[in-house]
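Colleague: I've got this model open and I'd like to learn how to read it. Could you walk me through it, one feature at a time?

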Amino acid sequence: MSGRDTIAAIATAAGAAGVGIVRLSGPGCRAIGNTLLGRPPEPRHAHYVRFRDGAGELVDDGLLIFFPGPQSYTGEDVLELQGHGSAVLLGLLLRRCLELGARAARPGEFTERAFLEGRMDLAQAEAVADLVAAGSEAAARAARRSLEGDFSRRVHAVVEGLTGLRVWIEAALDFPDEEVDFLAAPELQQRLQEVAGELAALRGAAERGKRLVDGLHVVIAGAPNVGKSSLLNALAGEDRAIVTEIAGTTRDLLRERIRVDGVELTLVDTAGLREAPDVVEREGIRRAHEELAKADLVLAMLDDRDPDAVPALPTGANVLWLHGKCELGAHAPGLQVRADGRHVWLSSHTGAGLDALRAELRQAAGLGEGADGAFSARARHVEALARAAAWLERAAAQLHHGAGELAAEELRQAQDALGEITGRVDADGLLGRIFGDFCIGK
């Protein structure tokens, strides 16, 4: 876009060659490249150059590459200076670029400019940060799919469906004297159900994508002394929690960030759920209940020797039932699916059954069946999809009562909610928050 200044960012690469990069974007890149090289740079050609400061003193030597817009990352002219990875040398090179008219970039400004230039939509722009921050191969692959537009294409498909519904309803409202009641047509109801189904599937995929980005928030709950802390230690691979035979040893939340078979977990050990005898333990139990309400998955620990000791869990919680200390009972370790949910028998002491638990954790994190097509998503995407689904449900209710004008407005609201994901509606209020989380140089 015209009128923009030239920005510069410094980034050090951790490669074996010790390469460091100063990257610039904006209308002044060509002139800065001319000055540093001593002649106009050839587009997309690696020029060897001896970088000098304003006094002519040699700073470093390396490569200069000029990418003319709009075929560049930002859509503007981009200049890339590759030198040695020394922070001191890169600082001197950056200073020279600032002297020649550039300014330091804000976090995320390169990707923000790419969005504003139409090189990518908002969901793709956020995927850049997700790719950089990916904590596992699965998360990196999912971010790559979002960056390539997989998530955006599915959002656009639902938007197209909503547009078709709006066109149908608006046409029916424009011709109210027709003998046929187009608002009550079975075809309209069928289309509405199809769009609702597509949106529901997209919400489920986005939830899995969010877990890949953020990791899985897993809370271990159960009565005192059923083996919650032993399980945390077994999954972590080392003694993180104190384990004793005394009931109520764990009195506060113990939070550990671990990785299990490529799954990022925030694993929370909680105080045993019971009628506590003292005020300190009661406070720990209160905090445990608060944590349970926020969990993506609850690992509800049971003891087969005491089947009545079932923890009180929040309504609607995603629960995996764990039967610990199976080495002391007759039940074989492993997974069993029952009418009341999925149950895993295991032993934190011997390790029996832990493989079955890890498989369930992978499934809950979105790395199970269907994970090959997973894309990355964020909390704001999931929230926007939920609002779109609510508006669509209201539209269906309005159509049921023959209120076409109100249904059309509900559909517009649903479409706007989806537009927030990709930036197809006014997104100015989102940009500062979204790109402010990026690193310098992106």
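Colleague: Which residues does glutamine 415 touch, not counting residues up to four places away in sequence?

Modeller: Contact here means heavy atoms within 4.5 Å. By that rule, and leaving out residues up to four places away in sequence, glutamine 415 touches Val159, Leu162, Thr163 and Arg166. One caution early on: this is a predicted model, where local features need pLDDT of at least 70 and side-chain atom pairs count only at pLDDT 80 or more, while totals for chains, interfaces and linings use all residues. Residues are numbered from 1 along each chain as its sequence is written, and side-chain values use heavy atoms, with hydrogens and water left out.

Colleague: Where is glutamine 415 placed, and is glutamine 415 buried or exposed?

Modeller: Its place is in helix 12; helices (H or I, at least four residues) and strands (E, at least two) are DSSP runs, numbered from the N terminus. For burial, under 20% relative accessible area is buried, over 50% is exposed, and in between is partly exposed (1.4 Å probe, protein chains only). Glutamine 415 has a relative accessible area of 17%, so it is buried.

Colleague: What do the totals for the protein say?

Modeller: There are 13 helices and 13 strands, and 47% of the 442 residues count as buried. Take the contacts between residues at least 6 apart in sequence: 59% of them join residues at least 24 apart.

Colleague: How do I read the way two helices pack?

Modeller: You fit axes, which are lines through C-alpha atoms, for helices over the stretch in contact, and the angle runs from 0 to 180 degrees between N-to-C directions. Under 35 degrees counts as roughly parallel, over 145 as roughly antiparallel, 65 to 115 as roughly perpendicular, and the rest as oblique. Try helix 4 (residues 122–133) and helix 12 (residues 404–422): their axes come within 5 Å and cross at roughly 40 degrees. That makes helix 4 oblique to helix 12.

Colleague: Which residues make that contact?

Modeller: Helix 4 brings Leu122, Ala123 and Glu126, and helix 12 brings Glu420, Ile421 and Thr422. To sort them, count Ala, Val, Leu, Ile, Met, Phe, Trp, Tyr, Cys and Pro as nonpolar, Asp, Glu, Lys and Arg as charged, and the others, Gly among them, as polar. The contact of helix 4 with helix 12 then splits into three nonpolar, one polar and two charged residues.

Colleague: And how do helix 8 and helix 10 pack?

Modeller: The axes of helix 8 (residues 228–236) and helix 10 (residues 354–364) are 12 Å apart, at an angle of about 80 degrees. So helix 8 is roughly perpendicular to helix 10. Leu231, Ala234 and Leu235 of helix 8 meet Leu354, Leu357 and Arg358 of helix 10, and these divide into five nonpolar, no polar and one charged.

Colleague: How do I check the length of a helix?

Modeller: The expected span is 1.5 Å times one less than its number of residues. Helix 11 (residues 379–400) has 22 residues and should span 32 Å, and its end C-alpha atoms are 32 Å apart, which agrees. Helix 4, with 12 residues, reaches 17 Å from its first C-alpha to its last, close to the 16 Å expected.

Colleague: How many residues of helix 4 are buried?

Modeller: Nine of its 12 residues, so helix 4 is mostly covered. Among the buried ones are Leu122, Ala123 and Glu126. In helix 11, the buried residues include His381, Leu385 and Leu392.

Colleague: What about backbone oddities?

Modeller: Look at phi and omega. Just after helix 11, glycine 402 takes a positive phi of about 75 degrees. Arginine 44, which is not a glycine, has a positive phi near 55 degrees; it lies in the loop between helix 1 (29–37) and strand 3 (47–52), and at 45% relative accessibility it counts as partly exposed. Lysine 325 also has a positive phi, of about 55 degrees, and lies in the loop between strand 11 (319–324) and strand 12 (334–338).

Colleague: Which residues does the cis peptide bond join?

Modeller: Glycine 69 and proline 70, with omega about 5 degrees. Proline 70 is in the loop between strand 4 (58–67) and strand 5 (78–84).
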